[in-house]
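Visitor: I'd love a close look at one part of this protein. Could you walk me through how a pair of its helices sits together?

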Amino acid sequence: MRGSRGRETRAKGAASKKDLSEEGDLSTTQDLKGSVSVTATRRSRRTTPANPLVKEVGSGLTMNDTIQTESSVSLSSRFMKHEKKKLSHNEENDDDKDEAVNEASVSSDQSKKDSGQFKRRNKISIEYENELKKDKWEPPNWLQMLSNIREMRKSADAPVDNMGCDKCMDDEGTPEILRYQTLLSLMLSSQTKDEVTHAAMQRLRKHGCTIENILMTDDKVLEDLIHPVGFKKTKVQYIKRTSIILRDKYMGDIPDTVEKLCELPGVGPKMAHLCMNCAWGVVTGIGVDTHVHRISNRIGWVPRPTKNPEETRKALEDWLPSDLWSEVNHLLVGFGQQICRPVGPHCSTCLNVAICPYANSPTSKPRKTSPTKSPRKK
């Protein structure tokens, strides 16, 4: 009996110890779970603002779940970085493709243009271009003035009509000699009347007006031949130097452009344009001398007063039709020699008296003479 009771007592003690150990293990497990939940909660608080995809870890989360959550967060961030790199790489590739396409299209257009596949389109008239042409400055009543000047010049009896530079050449001669004589007559006409120039050219022609003969003639003899032309000594030097250039550089002929003519000694734009018209038959501009310069300012054919013939030439060429350039010099020179004279113009007999700005300006009216002085008393 005692032995059986002892065994029962020992069995009860072992059972109680087992229960105690199981309770201790349970409490330990609960403590571990509590610590894990606290740790997971802290980590979830750290990761929640950075990555909203991670859910908050509850109190029932185990260690393995926590590790899996962290690994998922890191994987998601890596995945997002990889996607961003992929997108940026695709954009760069798209840009490269666009540039390649543009270059290919430009090269194809250029090849088509070179091969002549492109057809030239007809020019489309734009309204504002026509308006700009209409707004171009023109003097008032200029057509009526031109018609009246033609009417006053229809008799063609002015000095320029019979003794101009185109009337100073030999009747017979080679084209080179005729062009050379035309150039000399223009060089002599500067600051000289047409009557004097024509008489001087007549004497030169009798003497022999060729390049070779002029170069062999003494300077004093040339001065006597062209007397009384103004600035005769200076003009003799210009003629000699020009003749040497024509012989050596132009094979005995004269230049055929305005630029080359102006390079010759004593030749200006007025002479060059007139020489191109008279010698070569080519209209390159308006020859403006003192008559054309004076008359253009008087009748208002320039937008503002000009100071010299070159300014007048540019102003006239800006608005005057080119088909009138050859006529206007000859027309206005004769008009200035007979009617619109430098001193004492015949405004009363001019057909443009009603529309001429100079004829209707106060400055053109004759000044009042001062009263005569009373005789001195003896």
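Visitor: At what angle do helix α6 and helix α12 pack, and how far apart are their axes?

Guide: Happy to take you there, bearing in mind that this is a predicted model. Two packed helices are described by the angle between their axes and the distance between the axes. Here, α6 covers residues 175-188 and α12 covers residues 269-279; the angle is about 150 degrees, and the axes lie 10 Å apart. Since angles over 145 degrees count as roughly antiparallel, α6 is therefore roughly antiparallel to α12. The crossing of α6 past α12 is right-handed. On the α6 side, the contact is made by Arg-179, Thr-182, Leu-183, Leu-186 and Met-187, and α12 contributes Met-271, Leu-274, Cys-275, Cys-278 and Ala-279. Sorted by character, the residues of this contact comprise eight nonpolar, one polar and one charged.

For another place to zoom in, try Ile-295, which belongs to helix α13 (residues 290-298). Ile-295 counts as buried because its relative accessibility is 0%. Leaving aside residues up to four places away in sequence, Ile-295 touches Leu-332, Phe-335, Gly-336 and Cys-340. One of these partners, Gly-336, is 41 residues away along the chain, yet its C-alpha atom is 7.0 Å from that of Ile-295.

A friendly word on confidence before you go on: the protein chain has a mean pLDDT of 78, with 61% of its residues at 70 or more. Over residues 128-133 pLDDT stays under 50, and the model has one contact there beyond four places in sequence. Residues 366-378 also stay under 50, with zero such contacts. Where pLDDT is low, the predicted coordinates should not be read in detail.

Terms used
Residues numbered from 1 in each chain as written. Predicted model: local features only at pLDDT ≥ 70, side-chain atom pairs only at ≥ 80, totals over all residues. Heavy atoms only, no water. pLDDT = per-residue confidence, 0-100. Contact = heavy atoms within 4.5 Å. Axes fitted to C-alpha atoms, helices over the stretch in contact; angles between N-to-C directions. Helix = DSSP H or I, 4+ residues; strand = E, 2+ residues; numbered from the N terminus. Parallel < 35°, antiparallel > 145°, perpendicular 65-115°, else oblique. Left-handed = near helix turned anticlockwise from the far one by under 90°. Nonpolar A, V, L, I, M, F, W, Y, C, P; charged D, E, K, R; others polar. Buried < 20%, exposed > 50% of the residue type's maximum accessible area, 1.4 Å probe, protein only.
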